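Trainee: Could you take me through one part of this structure closely? I would like to see how a single strand sits among its neighbours.

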Amino acid sequence: MSKIIIIGAGGVGRVVTHKCAQLRTVFSEIILASRTLTKCDDIAISVRAKYSGIKISTVQVDADEEYQLISLFEAKRPFLVINVALPYQDLTIMEACLKTGVNYLDTANYEPLNEAKYGYEWQWAFEDRFKKAGLMAILGCGFDPGVTNIFTAYAAKHHFDELHYLDIVDCNGGDHGKAFATNFNPEINIREVMQKGKFYEKGSWKDTAPHEISRMINYPHIGPRKSYLINHEELESLVKYFPTLLRARFWMTFSDEYLTHLRVIQNIGMSGIEPINFQGNQIIPLQFLKSVLPDPGSLAEEYEGETSIGCRISGIKDGCHRTYYIYNNCDHRTAYLETGAQGVSYTTGVPAALGAKMMITGKWKGTGVFNVEVFNPDPFLEDLSKNGLIWYEIMDQNLEMD
Ligand code: NDP
């Protein structure tokens, strides 16, 4: 039984809080902290209404300020912090964890606020310090990154002697009824989608122009969807930990309508992250855009349809070529009825809560900084199915991924 602090009261924070409240034998006390206290209170009210007797409190914190985090962690003395604020806060939260003896888990790797660039280099650099302090930091424990890394580890453990080709395929087949909205934090989402594509092939990384490569991919229960090769953070750690991979790519579906909106946003300068002067004030265009776009959390009520995310892998088993597809489909409406959040937040928040459970129950052990594919995937995947994200396997069928 452990006390935890969850930082970030957005869509993902809502799901993590609900899921931790369901696992009361693991999480004895929940403290939900975020920049806007009313958002924490809102979630806490919904959790208390559903799970009577739950020990939950809320607190305001600015996670960009290390001193605020340190005094919060010192006052509450949690076993673990689950960071579901924004990637910009990863390093300050890790620093504060180190200085106060607290374990750490997040769902998205660090990116600097004023440069649209991400990677694990900054967080992997904490390895020796976490080790020395006897603490554990788990990076990227959402769905992608997160479950996709664990799916790959499961494939390597049970179905392959060598992984050769990995394609992570991510489809949101849902409809929220809005002309344009992003499914998670608009600023992070638009930065991710507008960047150059990137994939790994035969020992080196290859860049593509944004959305240069696309193909139709069939998704279970959803059908064919145009999918674009994009850069995605888990490729970096997967290539490191599965060195037999000859190629690793990430595909995401976007509708023509969505891409047209994005192109316009870019062409008119609204995706800029450099400050500009507006009527005597310095503003960042992308942050201004975020403030006029729908809050991803507000999409949940009307959202219909499913997400489908999985790994399509080919390689060698017992000297023979083999193909393997492992995936989950998540229904937006079901996610909403359980937690008040849509499927994208749900598929991120459930794995974060379960990763925390693995750490607390000692099923994942160690000191230092870890990506999730290094752990035993079995207990996590067993729990994933029991906690709302059922996964399926298809062996030796056409992967459509030449
Ligand atoms: P939201 O924007 O809905 O929520 C983020 C929350 O963090 C907000 O409540 C925000 O507060 C809070 N926050 C932001 N800055 C600070 C700060 N300085 N101090 C304290 N709190 C702060 O985002 P999501 O819930 O959609 O996403 C959360 C995280 O999950 C992101 O890092 C995202 O990249 C990651 N993610 C990971 C996925 C995966 O599969 N691995 C998929 C989807 C998302 P306020 O409301 O006051 O601004």
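Mentor: Let's begin with Tyr200, which stands opposite Ala248 in β12. Tyr200 belongs to strand β8 (residues 197-201), and β8 and β12 pair in the antiparallel sense over 2 bridges. Two strands count as paired if DSSP finds at least two bridges between them. Strands (E, at least two residues) and helices (H or I, at least four residues) are DSSP runs, numbered from the N terminus. Keep in mind that this is a predicted model, in which local features need pLDDT of at least 70 and side-chain atom pairs count only at pLDDT 80 or more, while totals for chains, interfaces and linings use all residues. Residues are numbered from 1 along each chain as its sequence is written.

Now look at the other partners of β12. Strand β11 (residues 223-229) also pairs with β12 in the antiparallel sense, over 3 bridges, and here Tyr228 has Met252 as its bridge partner. Strand β7 (residues 162-172) runs parallel to β12, and 6 bridges join the two. Within that pairing, Tyr165 is matched with Arg247 in β12.

Why is β12 largely enclosed by the rest of the structure? Strand β12 covers residues 247-253, and 6 of its 7 residues are buried, so the strand is largely enclosed. A residue is buried if 20 or more other C-beta atoms lie within 10 Å of its own, exposed if 12 or fewer, and partly exposed in between, with C-beta atoms placed from the backbone.

For another setting, turn to the open sheet of 7 strands in the order β3-β2-β1-β4-β5-β6-β17, where the pairing is parallel. Its edge strands are β3 (56-60) and β17 (368-371), each pairing on one side only. Inside this sheet, 6 bridges join β1 (residues 2-7) to β2 (residues 27-34), and Ile5 stands opposite Ile31 in β2.

Finally, find the ligand. Domain 1 (2-139) and domain 2 (147-340 + 379-395) both give residues to the shell around the ligand, so the ligand lies between them; the domain bounds come from an automatic or database domain assignment. Of the 34 residues around the ligand, Gly10, Thr36, Ala63, Gly142 and Phe184 come nearest; a residue is near if its C-beta atom, placed from the backbone, lies within 6 Å of the molecule. Helices α1 (11-22) and α13 (343-360) each supply at least two residues of this shell.
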